[in-house]
Structure formats: C-alpha cells, structure tokens
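I opened the model to look up helix packing and one of its pockets. My notes follow in the order I made them.

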Amino acid sequence: MVFNLPVLLTWLRIALIPLLVFLFYLDRDWAPLAAATVFGIAGLTDWADGYLARLWQQESRFGAFLDPVADKLIVAVALILLVEREANAWMTLAAAIIIGREIVISALREWMAESGARSKVAVAYIGKLKTTAQIIALIFLLYNQDLFGMLPLRECGLAALVVATVLTVVSMIQYLRSAFTT
C-alpha cells in the first residue's frame, strides 16, 4: 500500500465521514456550519490529492482506486443525511440519481478495465463540473441557513443540486456512449 501525502489526504476524506455524521446530528447552533465546513474540507482534499499526486509525480494505482471510493462515500453519506432531514421526493430522487450513477459508472469502469478498454471511460471534464456542483450544493444544504441573514444558501444549494443532478445524468450518458461505441 502506498503512503504519501496525496493518499493520506484521500484517507482523511474517508476519516471525516463519522465526524460529518456526528456534527450533522449535534444539537448546537454552530453544528450546521461545522458540518458544512467538514464537507468543504473533504471537497478541498478531493482537489488537492489529485493535484499534488500529479505535481509530485506520486500517482499510484492504489491512489487512483481509493480517490473515487472516498469521493463516492462522503457524497453518498451527505446525500443520505439530507434525504433523512428533508424527507421529500425531490431530494430523494436527486440522491438516488447521483448515487445510482456512481454505482453504474464504477461498475462500468471495472468492466471496461477487465475488457482492456479502461481509457474509454476515463474521467471527463463534465464529471469534474458535476463534482464541483455537488460539492457546492452539499456544502450549502448541510449549512441550511441564510448567510449573514441575507443570502439564501439553502435555496442556492437546491439550485446547485438540480444542476449537479442534470450533469450527473448527462455525464452518465456520455460515459455509457463512450463505453459502447466502437
């Protein structure tokens, strides 16, 4: 197993999951900000681990495996927390689409790798846009309050979640087309 800073940042993202859950359910005025901050830190480590691995030439097969696992775990947990709190069809549908897409694309990548065609389903730019929209949406929705009593972050988060969900579907279609065209 590889141990370098990029991989440790990925492990940190996984280690933050219990803290995120704890803060989400903590009955304190500052807890929503803390939960959103923890998720934001996780989002920054998602960017930093890949950037540093490329910069320092510390890319590894293990890091390439663990990074998307960590991403999917923390996003899925955040979505499940929000579904539980919101308890409405739209939030549940968005979460189901996002989590379902991640399962489908992970399975597709594994299948394509076994077929020797992994490069056909490499990460695309739209996937990066989707991830950015998801991170923004989930930070705002975890915070779930107006910023300075004026900026409606919850509503901004819902709008960003719609964008993330649409990008999720579009990117899945692109990945599937790439995989099944010859």
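I began with the contact between α2 and α3, working in a predicted model. From α2, I listed F39, A42, D46 and D49. On the α3 side, I found D67, D71, I74, V75 and A78. I then sorted this contact of α2 with α3 by class: five residues are nonpolar, none is polar and four are charged.

Next I checked the geometry of that pair. Helix α3 covers residues 61-86, and its axis comes within 11 Å of the α2 axis. The two axes cross at roughly 160°. Angles over 145 degrees count as roughly antiparallel, so I entered α2 and α3 as roughly antiparallel to each other. I noted the hand of the α2 and α3 crossing as left-handed.

I moved on to α2 and α5. Helix α2 spans residues 31-55, and helix α5 spans residues 125-143. I read an angle of about 165° between them, with the axes 7 Å apart. I therefore logged α2 and α5 as roughly antiparallel to each other. Here too I wrote down a left-handed crossing, with α2 passing α5.

Which residues in α2 meet α5? I found P32, L33, A35, A36, F39, G40, G43 and D46. Their partners in α5 are T131, I135, L138, I139, L142 and Y143. By class, I recorded ten nonpolar, three polar and one charged residues for the contact of α2 with α5. F39 and D46 caught my eye, as I had them in the contact with α3 and again in the contact with α5.

The third pair was α1 and α2. Helix α1 runs over residues 5-25. It packs on α2 at an angle of about 165°, and I noted axes 9 Å apart. I therefore put down α1 and α2 as roughly antiparallel to each other. α1 passes α2 in a left-handed crossing. For the contact of α1 with α2, I logged 19 nonpolar, two polar and three charged residues.

Last, I turned to the second largest pocket. How much space lies in it? I noted about 200 Å³. I listed its lining as N88, W90, M91, L93, A94, I97, L158, L161, V162, T165 and V166. Which helices each supply at least two residues of this lining? I entered α4 (89-114) and α6 (153-180). By class, I divided the lining of the second largest pocket into nine nonpolar, two polar and no charged residues.

Methods:
Residues numbered from 1 in each chain as written. Predicted model: local features only at pLDDT ≥ 70, side-chain atom pairs only at ≥ 80, totals over all residues. Heavy atoms only, no water. Axes fitted to C-alpha atoms, helices over the stretch in contact; angles between N-to-C directions. Helix = DSSP H or I, 4+ residues; strand = E, 2+ residues; numbered from the N terminus. Parallel < 35°, antiparallel > 145°, perpendicular 65-115°, else oblique. Left-handed = near helix turned anticlockwise from the far one by under 90°. Contact = heavy atoms within 4.5 Å. Nonpolar A, V, L, I, M, F, W, Y, C, P; charged D, E, K, R; others polar. 1 Å grid on protein atoms, 1.4 Å probe; cavity = no way out; pocket = protein on both sides within 12 Å on 5 of 7 lines; lining within 4 Å. Points joined across faces, edges and corners; volume = space filled by probe spheres on them.
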